[in-house]
Amino acid sequence: MDVTSIRKDFPQLTRFIRNKPIVYLDSAATSLKPIQVLEKEDEYYKKYCANIFRGIYDISEEATAEYEAVREITKNFFHSNDANEIIFTRNTTESLNLLAYSLYRGYLHKGDEVVSTILEHHSNFVPWQQLSPEYGVVFNYIGVTNEGELDVQSLSKVVTAKTKVFTFTAVSNVSGAIADVYDIVKRVRKISPSCFIIVDAAQAAPHMEIHVSGWGADAVACSSHKMLGPTGIGVLWVSARSSGHLKPFLYGGEMIKAVYKDRSEFKEMPHLFEAGTPHIAGVIGFGKAIEYLEKIGMEKIRRHEVDILSYAFSKFSKYKDITIIGPKDPRKRGGVIAFTVKGIHSHDVAQILNEDNICIRAGNHCAMPFHTALNIPSSARISFYIYTTRDDIDTFFRGIDRVKKVFS
Amino acid sequence: MDLYREIVLDHYKHPRNFGNLAKKTITIEDGNVTCGDTIEMDVLMKNGMVEDIAFRGIGCAISISSASMLTEEMKGKSVNEVMALSADHVFKYFGTTLTPSRTKCAVLSLEVLQKALVQGKERLK
Ligand SMILES: Cc1ncc(COP(=O)(O)O)c(C=O)c1O
C-alpha cells in the first residue's frame, strides 16, 4: 500500500493552520475524503441533477441509474446476495433508529426482551432503552470484561428464549475490540432461534472485509462518512428473509405504490424504507468511496492499520502513566486507541495537542455507559485510516511529551 | 498557548477551597457529563453574604482552576454581587479567548455557585 500516493488524493492533508500541517488522528469520528469522491458528488450537481425514479427525461434516467448502481456496488462490497437488501439512510444512527421504530411497531410484543451491550455507541443503546418501556418490552444488556471486550461468557445468562432483538457492535469505537460476530450470532440463535440480530458495523465497515450474509445476522448498519464517503449517507442491510418483520419507518413519496382515501399500498424493499428524495449526490459519491477502498483492497487496509497500531503500541509502552483501554493485541482491535493519562484530563490532552494541529478526540465518545463500566470519567482517543503514517504517530508522541511537560 | 498559564496550572494542581464545609447552607452538584467534568460545591450563606465556599470534583484544568479562582474571589462577596456575574467574569481568569468547546468547562463553577445561591436563598426563607 503506497500511503504517500494515497495521501495526495486527500486535499485536506495539504492544509496548514498556524503554519503547521494537520495531523488527523480522528478517523473513527469521520474519515477524510479523497478528491475522487468529491468530484463524483459534484458531477451529479453539474451534469445530471434531477430527481430520481420520477423523470421520463434523459438526465433523470441518468441520475437514477447512477444512484441504483451504488446499491449494486454496496451489495457487492458487503457480500450481500441481493441489492434489494441495501437501504440508504442518513447514517448509522438513522439505520439503527429505523430498525428500532420498525421492530417495536411490527415485531416486538409486550413481555418480549431486547438485549444490547454496555459498550455500544449511544445510537445503539438509547433507542432501545427509550422505546422498550413504551411498548412494554424488557431492555437488558451484556457487560464488558476488564480487557474492555464484550463479556461473551455472560451472554447465556442475559439472552433468553424471550429475547426477540439482540444488537451489538462488531468493533467498539472506544476499546477497538473486534467482536467475533459469527460466534456471537450463533450463541444467540441457539438460545432464541427467531431473534432479530443487529450488527453495528460503523467501525468495522471502513477497516475490514465484511460478509453480511456469512455473519448470519438479520441487519447490519454503517455510515458512509467513516469510510471515505460523504456525510449524510448511511447503509442499512436487512436480510431478505427478515425484512417482513419491519413496518415502514417514514411514510411519504417514493415508498408508495398507490394511495386511496382510506388506505395505501407500499413498494417492496428497499424503497419501502427510502421515503422522500434521498441524498442523491451523497449516495453517488459513496459509490466512488467504495470503489476507492476496493481498489486498494480491504486486506491491505487492515494490514496497514495493524502496522500503525503495533507501532503506536510499542511507543505507548514507554509511558508508564498512560493506560490504554481495550485489548493489547493489535490483531484483536480496530484502528482505535483510547487512553487515559494519569492526572491529566482528556480535554487538556486534546487541547494542547491542538496547538500543533494534532486532531484527537476527548470525552466519552458517545459511549458513556462503557466509560462508567470502566470507572473512568473520560478518555482521549486516537484513530487511524489509510492515510495515517508512522510520522503522524511520532508527531503525536512529541505532542504527548509536551502535554506532560505543561503539567509536570 | 496562553491557556495553560502558570496561574491556571497552579490553581489546577493546588486548588483552593478544595474539600468540604462543616457548616453549610446548601450543597449543589452539576457537571458537563459528556466531558466527564463534575463540580460539587458547599456554600455557607449569612446575612445576604457568601460566608464560605468549598468544592470537590473531577475535571479538566480549565474547570478545576476556574472553580478554584472563583471560590477564592467570591468568598465574602454579597449574594447579589455574585448573582450579577456573567460568564465574561470567569473568562477573564484565563486571559485569552476560549474556544466554544472549552467555554462550558470554564463557566461550570459559576453555574454551580449561582444555582447554589438561588436554592440557598430559598432554604433560608
Ligand atoms: C460504533 C459506532 N456506532 C454508531 C456510530 C454512529 O454513527 P453516525 O454518527 O454516523 O450515525 C458511531 C460513530 O461514531 C460508532 O462509532
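# A guided tour of chains A and B

Select chain B to begin: of its 125 residues, 51% count as buried. As you turn the view, keep in mind that this is a predicted model, and that everything described on this tour is computed from that model.

**Chain B, as a whole.** With chain B still selected, switch to a cartoon display and look for five helices and three strands. If you trace the chain from its N terminus, the elements follow the order α-β-β-β-α-α-α-α, which you can check by stepping along the cartoon. Next, show only the C-alpha trace, which spans about 45 × 25 × 25 Å along its principal axes. How does the radius of gyration of chain B compare with that of a compact globule? A compact globule with 125 residues would have a value near 14 Å, and because chain B has 14 Å, the two agree.

Now display the contacts within chain B: of those between residues at least 6 apart in sequence, 62% join residues at least 24 apart. If you then turn on the surface, you are looking at an accessible area of about 5,900 Å², with 52% of it belonging to carbon and sulfur atoms. Colouring by charge brings out 16 positive and 16 negative side chains, and the centres of these two sets lie 3 Å apart.

**Chain A, as a whole.** Select chain A next, where the cartoon shows 13 helices and 17 strands. The C-alpha atoms of chain A fill a box of roughly 75 × 55 × 30 Å, taken along the principal axes. For 408 residues, a compact globule would have a radius of gyration near 22 Å, and chain A, with 22 Å, agrees with that expectation. Buried residues make up 59% of chain A, while its accessible surface comes to about 16,800 Å², of which 52% belongs to carbon and sulfur atoms. The charged side chains of chain A are 49 positive and 47 negative, with the centres of the two sets 5 Å apart.

**The two domains of chain A.** Colour residues 3-33 together with 298-406 for domain 1, and residues 38-293 for domain 2, as the domain assignment gives them. Where the two colours meet, the contact takes 38 residues from domain 1 of chain A and 33 residues from domain 2 of chain A. A distance drawn between the C-alpha centres of these two domains of chain A would read 28 Å.

**Ser175(A).** Zoom in on Ser175(A), which you will find in the loop between β7 (163-169) and α7 (181-191) of chain A. Is Ser175(A) buried or exposed? Its relative accessibility is 0%, so Ser175(A) counts as buried. To see what surrounds Ser175(A), add the residues that it touches beyond four places away in sequence, namely Gly148(A), Ile325(A), Gly326(A), Pro327(A), Arg333(A) and Phe370(A).

**Ile284(A).** For the last stop, move to helix α9 (residues 280-296) of chain A and pick out Ile284(A). Ile284(A) has a relative accessible area of 2%, and therefore it is buried. Which residues is Ile284(A) in contact with, leaving aside its neighbours within four places in sequence? Show Lys40(A), Tyr44(A), Tyr48(A), Ala63(A), Glu66(A), Tyr67(A) and Val70(A) as sticks, and you have these contacts of Ile284(A) in view. Finally, draw a C-alpha to C-alpha distance from Ile284(A) to Thr64(A): they are 220 residues apart in sequence, and 9.9 Å apart in space.

Terms used: Residues are numbered from 1 along each chain as its sequence is written. Chains are lettered from A and ligands numbered from 1 in the order in which they are written. This is a predicted model: local features need pLDDT of at least 70, side-chain atom pairs count only at pLDDT 80 or more; totals for chains, interfaces and linings use all residues. Side-chain values use heavy atoms; hydrogens and water are left out. Helices (H or I, at least four residues) and strands (E, at least two) are DSSP runs, numbered from the N terminus. The radius of gyration is taken over C-alpha atoms; the globule rule is 2.2 Å times the number of residues to the power 0.38. Buried means under 20% relative accessible area, exposed over 50%, partly exposed in between (1.4 Å probe, protein chains only). Accessible areas come from the Shrake-Rupley method with a 1.4 Å probe; for residues, only the protein chains shown count as cover. Lys and Arg count as positive and Asp and Glu as negative; His and the chain ends are not counted. The place of a charge is taken as NZ of Lys, CZ of Arg, CG of Asp or CD of Glu. Domain bounds come from an automatic or database domain assignment. Contact means heavy atoms within 4.5 Å.
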